[in-house]
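Work through the exercises below with the structure open. Each task is followed by a solution in steps.

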Amino acid sequence: MTTTTRQAASARGLTKTYGRGDAQVHALRGVDLDLPRGRFTAIMGPSGSGKSTLMHCLAGLDQAGGGTVTVAGIDLGSLDDDALTIFRREHVGFVFQSFNLLPMLTAGENIMLPLELGSRRIDDAARERVHTLADTLGVADRLGHRPAELSGGQQQRVAIARALVTQPDLLFADEPTGNLDSTTSAEVLDHLRRSARELGQTVVMVTHERDAAAYADDVVTMQDGRIV
Amino acid sequence: MRTVFLASLRTHLRRYVAAVVAVAVAVAFVVVVGVLTSGAYSGLMDGLGAPYRNADHVVSAAGWPSFELDPEAAIAFTERHGENAAATGRATLPARANGRRLSETTVGPIAILEEWRWQELSSGRFPASTGEAVVDVYFALAENIAVGNRVRIGEGAAARDVRVVGLVESPSPPAQASMYVTWPQLLRWRDHLHLNAVAVRGEVGQLPEGAKAQSPEGFAAERLTYVQNRVNSLSVMLLLFAGIALFVSVLVIANTFSILLAQRLRDFALLRCVGATRRQVVRSVRREAAVVGVLASLAGTLAGVGLGYGLIALIGTLAPTVPVGAAELPTLWLLGGFAIGLAVTMVASWLPVRRVVRVSPLAALRPDAAVDVHTATGLVRLALATILLVTGPALLGVAMAQDSTALMVAGGGSVFTGVLLFGPVLVPRLVRIIGALLGPAGRLATKNAVRNPRRTATTTASLLVGVTLTTAVLTGMTTWRSSLDEQIGRDHPIDVALTSPKEPVTTDLLDRVHHTPGVEQAVPVGGAVARVTGLDEPILVVTAPAAMHVARDGGAFARVEPEKIRVDSEAFGKDLSLRPGDRVTVRVGDRQARLQVAVGTGWGPAGVVAPETLATLTDAPEPHAIWIRASSGADPARLGSDLDELADPVGATIENGLRTWESLDQQLGIYTWSALGLLGIAVVIALIGIANTLGLSVLERAREHAMLRALGLTRRQLRRMLATEAVLLSVVATLLGTVIGVGFAWVGYETFVTRALSDATMRVPWLSLGVVVLIAALAGLLAAVLPARRAARTTPATGLSLD
């Protein structure tokens, strides 16, 4: 079991197909992957290479067609929808391309959202962590604002804070800089790298930008549903 | 633009389903009213003239319907013409058959001569002489009477036995009766007879006083106009409710259009970018609205026709005596209903479509064009709402002071409009207050519910209309009911009075009365048979200190001053020649007393005196009556006939005051339930509206839901969140509507009821109101079922890749 302690997540023989007959698309054709703890891994590849599908399967957003996914020692194939949801709530954090903050909540409320969903008590320690995260990410003075009043970079940093607030085993970022200019992209990527280096956070980023991938410790490249 | 129009129809038509249903329900309502109205016309008019078909003249009251023919004069007139005249009319009489008392029985005349006869034989034969009768088939069915049975009609000296020789159908509703006997036989009960009209052949001659002669056609036309006016006023009432339903569906459609168009704002901007003119975009959307309107109105019209004729068929089966005929298709109503549906759709879509015009082509170029249009509350709107909310209560205050109906309607209208306009400010605040009591998913639901104040306000407004009216009706009816209860308690203090004028009642009878199901309390009433000056027959004189144990007025009627005798003016009826204030001598044996007459009603044929008065008249009073208090929920007809069975063999009669309560209960029940049922249609439309708003919001929030699911919101939590949102909306609308409705009922009470019944008190039916809130909450939950299921189906991954 040494692998599970060293690996934050691993996939074995992962396959996934969409559609049927002529329209059948093989998004994943047998992927083996280990994601070491505390490292920043980038999954690269052109559009349609299967990188997003791989991430969805690793994050428990989607069930794989075949093969196994193990995250934090849990076999995701054995979980039903509710168990998967709770797994995500407790072990995984997400940062999306289009920020995906709830428009009617303030930045602070958005960051606290994952804690509320788990009906966890928001104690002083949690509040402390929110403030530390907000400070680190440079959004401490924006916590009372709604997403519409924030810039794209600020929104994405709020999203990172939200992903980190539960101290997840894995932080997934799906094209996190897709909607940002180069300066803001650099800031966001720097934050992701610092989460790995300074907080020991395992980070997995899906991207098609070479510049973004350059911030990662490891780079995995995909093509036609396979790792190359 | 044609391609765009067709494509958007294909893509979006499914989203209009709820709006289509809302309009269709309202249109169907209008059409059903139309079909029933024409059904009622044809039912009431059929055979209206049948009894007069062979007449040259019809003699009827000159001031009809305010005045009736004087029965004696009309009888004399009919007699004078012999075979050249036939009267129509009826007498309401007690009747017994097969050892049972029949329910309300009317007896009418049937002519021996074929040309005057209008009843249609369905079995047996027509009566040929006195002692024979025919019975209406439906009455025979209800009362289990067959050819060959004997029926005893009338009471006491006027009672006669008749033999049923046939069953007939009575095609002319105004002349209808439950049984028919020959004219000479009917004159046996001439005191009870009311005549509508007399058909005359040949010369009319000297008319009875207050009567007029018309041609049969003129007479039929007069009655027809009357019937039409009655039916028309009923239709207007029903259309009022249909109007409410239409208003609610306007709110639903307007909301649907503003939500759908807001969601497509980006598409419109894009169209403008690639070169579509404003006019082209607007025309395309208007055409879409027209298609929705046509489909909805068509569906509504068809459903209305089906439902209307279904109802007519149902009424024909369940209540064959109700005169409703299968009418021909009321084309005008159908066209009207269709036009109204189309017009309502177009009007409701007008404002939302105008907003589309304002979209700038640049909106398409902005990243993430905010689907979440924040609708601000306009200053004009707020100002108008404030004015209405200030003037409305002022008008209501003046209305209450001056008992003015017009001011009340105006004040109520402006208060309600004010609340509707104020909705975008008021409703979200109320939602927040109630939502603050809930958990995390509830807090998200609260925030979702208030993120678009105007949408929230319109959604709740549609329910608000129905709930306000419902609670006003409930409270108004309860108040009216309780004030009537007090009044009837005075008019009918004794539920059932069993009076034996000749022989005293035995303890055995009292015992058996006690054991009759439905009797809660029975007291024997002591008295003596007395001769009263001015009355031919001896009457019973009683005293009843125990009356307070059974009387509904606490026995007040039985507390008579020593110098007085109080008689039941209703039980003695026409025979009573005594007037209040008369001084009479009451004699029992050789003792006598000089008493002043007072009257009341509701305890049977007996004079009530003070105990000391009775003591001067007799030393040995004997129980001559039993006064009975029925237990609540006792069936009046059943109790009446059970007690009648005990009373009849010993020569006693019963006076059933409970029947009055029953018919009052029935009447109020019919009013209340019809009003609630008709308002229910508006409430159903409103709930479709809530489901619709929620469903459309779910579509536009698909991404958010997917993200929440990714962050760890379980399916269950997501469903609960949406259900909470719907329940919040419906409960807030209901609470607000209840407050306004009870307020309106109070104003109505101050304006109407206090004027009519001075000692009435306002009653609020807390239990019913609680039930209304509960039902609204459940209905809100129901409205959330489909949208929530749909939302929960999206998996996090597919939801996120949505664009």
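**Exercise 1: a helix pair**

In this predicted model, helix α2 (residues 17–45) of chain B packs with helix α6 (residues 216–263) of chain B at an angle of about 175°, and their axes are 8 Å apart. Task: classify the relative direction of α2(B) and α6(B), then give the classes of the residues in their contact.

Solution. Step 1: angles over 145 degrees count as roughly antiparallel. Step 2: the angle is about 175°, so α2(B) is roughly antiparallel to α6(B). Step 3: the contact of α2(B) with α6(B) has 23 nonpolar and five polar residues, and no charged ones.

**Exercise 2: a strand and its partners**

Task: for strand β13 (residues 496–499) of chain B, state which residues lie on each side and whether they are buried or exposed. Then find the strands that pair with β13(B).

Solution. Step 1: in a regular strand, side chains alternate between the two faces of the sheet. Step 2: V496(B) and L498(B) are on one side, A497(B) and T499(B) on the other, and all are buried. Step 3: β20 (residues 622–630) of chain B pairs with β13(B) in the antiparallel sense over four bridges, with W627(B) opposite A497(B). Step 4: β21 (residues 653–656) of chain B also pairs with β13(B) in the antiparallel sense over four bridges, and here I654(B) stands opposite L498(B).

**Exercise 3: the chain contact**

Task: which helix gives the most to the side of chain B that touches chain A?

Solution. Step 1: the contact takes 24 residues from chain A and 21 residues from chain B. Step 2: α12 (440–450), α19 (702–711) and α22 (796–800) of chain B each supply at least two residues of that side of chain B. Step 3: α19(B) gives the most, with six residues. Step 4: by class, the side of chain B that touches chain A has nine nonpolar, four polar and eight charged residues.

Methods:
Residues numbered from 1 in each chain as written. Chains lettered and ligands numbered in written order. Predicted model: local features only at pLDDT ≥ 70, side-chain atom pairs only at ≥ 80, totals over all residues. Buried ≥ 20, exposed ≤ 12 C-beta atoms within 10 Å, placed from the backbone. Pairing = 2+ DSSP bridges. Axes fitted to C-alpha atoms, helices over the stretch in contact; angles between N-to-C directions. Parallel < 35°, antiparallel > 145°, perpendicular 65-115°, else oblique. Nonpolar A, V, L, I, M, F, W, Y, C, P; charged D, E, K, R; others polar. Contact = placed C-beta atoms within 7 Å.
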